[in-house]
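Visitor: Hi! I'm new to this one and would love a quick tour. Could you put it up so we can chat through it?

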Amino acid sequence: TASAAATKVDTTKIGTEYTIKIVAKNGEGTPTEGVIRLVVGVVPPQFKGVANRASNEGVYVDLLKGITASHGFVADVKSQIVVSYPENFNFYSPNPGKYTINLEIPYKGYEMKDGKAVEVTLYARASYVLTIDDITAPEVHVIDNKYTISTDEYTKAEDAILANIMALDNVKDANNLSYVVDAKRVDITTPGTYKASVSVFDNAGNETSVEFDVIVVAAKASL
């Protein structure tokens, strides 16, 4: 229970310093004194709507969409937000990947230096992860639509079929592509014409399929 009037602090005078003496008594009436130094500061700006989100590749991204900011009695300071992002990110036409988007609002505040309140520039910060989804299917090129091999050229039909295609993806990652080869209809030990098909998938699940003829001819007799 307070035994005296509370110290009046004028919160409108930013940077004003107060020395406040506190006296507390225990059950036996023994007093304990303490002194605190109080500086009227500034409440930092507050962000709202900052959350991880996703968008499609090649589509313009508004990095501040759904995000607002306020500062004290000022309800809207969104225009003061400074946005930064990785150098390899182009928000006009982004490539697939995950990118950390950093938000920052500078504001005036106070710090104690050598026992005095000194005005400094402070920063309110927030960030989120923007995922750009890969929606582009791999490019698959058939080298020869009437692909001819001999019966002694390959030991596995899958190897023979894959040797006749070239696959590329917009994500430059050697491990980004997987192949499903339909070789059940191809007998590389018996001369004839067979239909082969290959489906190529990237890590995002985009698929491209191709078909071509495999012409198997008898191996030349050795002399």
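Visitor: Let's start with Lys146. Which residue is its bridge partner in S14?

Guide: That's Asp213, which pairs with Lys146 as its bridge partner in S14. Keep in mind that we're looking at a predicted model.

Visitor: And how do S10 and S14 pair, parallel or antiparallel?

Guide: Parallel, over 5 bridges. In general, strands of a sheet pair through backbone hydrogen bonds, and the pairing can be parallel or antiparallel.

Visitor: What do the side chains of Lys146 and Asp213 do?

Guide: They meet in a salt bridge, with 3.5 Å from N to O. The two residues sit 67 residues apart, Lys146 in strand S10 (residues 146-150) and Asp213 in strand S14 (residues 207-217), so the pair links distant parts of the chain.

Visitor: Buried or exposed, what about Lys146 and Asp213?

Guide: One of each! Lys146 is exposed because its relative accessible area is 53%, and over 50% counts as exposed. Asp213 comes in at 15% relative accessibility, so it counts as buried.

Visitor: Which sheet do S10 and S14 belong to?

Guide: An open sheet of 4 strands, in the order S10-S14-S13-S12 and with mixed pairing. The edge strands are S10 and strand S12 (177-182), each pairing on one side only. On average, neighbouring strands in this sheet are turned by 30° against each other, ignoring direction.

Visitor: S13 is in that order too. Where does Tyr194 lie?

Guide: In strand S13. Tyr194 is buried, with a relative accessible area of 15%. Its side chain reaches the backbone oxygen of Thr190 at 2.8 Å.

Visitor: What else does Tyr194 touch, not counting residues up to four places away in sequence?

Guide: Arg185, Val186, Asp187, Phe212, Asp213, Val214 and Val216. So Asp213 turns up again, as a contact of Tyr194. There's also a distance to note: the C-alpha atoms of Tyr194 and Ala183 are separated by 9.4 Å, with their positions 11 residues apart along the chain.

Visitor: Okay, what about Asp202? Where is its place?

Guide: Asp202 is in strand S13 as well, which covers residues 192-202. With a relative accessible area of 5%, Asp202 is buried. The side chain of Asp202 reaches the backbone nitrogen of Ala204 at 3.0 Å.

Visitor: And which residues is Asp202 in contact with, leaving aside neighbours within four places in sequence?

Guide: Asp134, Thr136, Pro138, Asp169, Asn176 and Leu177.

Visitor: Thr136, hm. Which side chain has a polar contact with the side chain of Thr136?

Guide: The side chain of Glu57, at 2.8 Å. Glu57 is found in the loop between strand S4 (53-56) and strand S5 (68-70). That loop residue is buried, because its relative accessible area is 13% and the cut-off for buried is under 20%.

Visitor: What surrounds Glu57, again leaving aside neighbours within four places in sequence?

Guide: Its contacts are Pro94, Pro96, Ile132, Asp133, Asp134, Ile135, Thr136 and Asn170. Asp134 and Thr136 are contacts of Glu57, and both are also contacts of Asp202.

Visitor: Back to salt bridges. How many are there in the whole structure?

Guide: A search finds 5. One of them joins Glu104 and Arg125, with the closest N and O atoms 2.8 Å apart. That pair also links distant parts of the chain: Glu104 is in strand S7 (residues 97-113) and Arg125 in strand S8 (residues 116-133), 21 residues apart.

Visitor: How exposed are Glu104 and Arg125?

Guide: Glu104 counts as partly exposed, at 23% relative accessibility. Arg125 is exposed, with a relative accessible area of 57%.

Visitor: Any other salt bridge you'd point out?

Guide: Sure, Lys184 and Asp182: their side chains meet at 3.2 Å, N to O. Lys184 is exposed at 76% relative accessibility, whereas Asp182 is partly exposed at 21%. Salt bridges that share partners also join Lys146, Lys195 and Asp213 into one network.

Visitor: Last one: where is confidence lowest and where is it highest?

Guide: Lowest in strand S2 (residues 31-39), at a mean pLDDT of 73, and highest in strand S6 (residues 82-84), at 98. For the protein chain, the mean pLDDT is 88, and 87% of its residues reach 70 or more.

Definitions and conventions: Residues are numbered from 1 along each chain as its sequence is written. This is a predicted model: local features need pLDDT of at least 70, side-chain atom pairs count only at pLDDT 80 or more; totals for chains, interfaces and linings use all residues. Side-chain values use heavy atoms; hydrogens and water are left out. Buried means under 20% relative accessible area, exposed over 50%, partly exposed in between (1.4 Å probe, protein chains only). A polar contact is a pair of N or O atoms within 3.5 Å; within protein, one must be able to donate a hydrogen and the other to accept it, and residues adjacent in sequence count only if both atoms are side-chain atoms. Contact means heavy atoms within 4.5 Å. A salt bridge is a side-chain nitrogen of Lys or Arg within 4 Å of a carboxyl oxygen of Asp or Glu. pLDDT is the predictor's confidence in each residue, from 0 to 100. Two strands pair if DSSP finds at least two bridges between them. Axes are lines fitted to C-alpha atoms, for helices over the stretch in contact, and angles run from 0 to 180 degrees between N-to-C directions.
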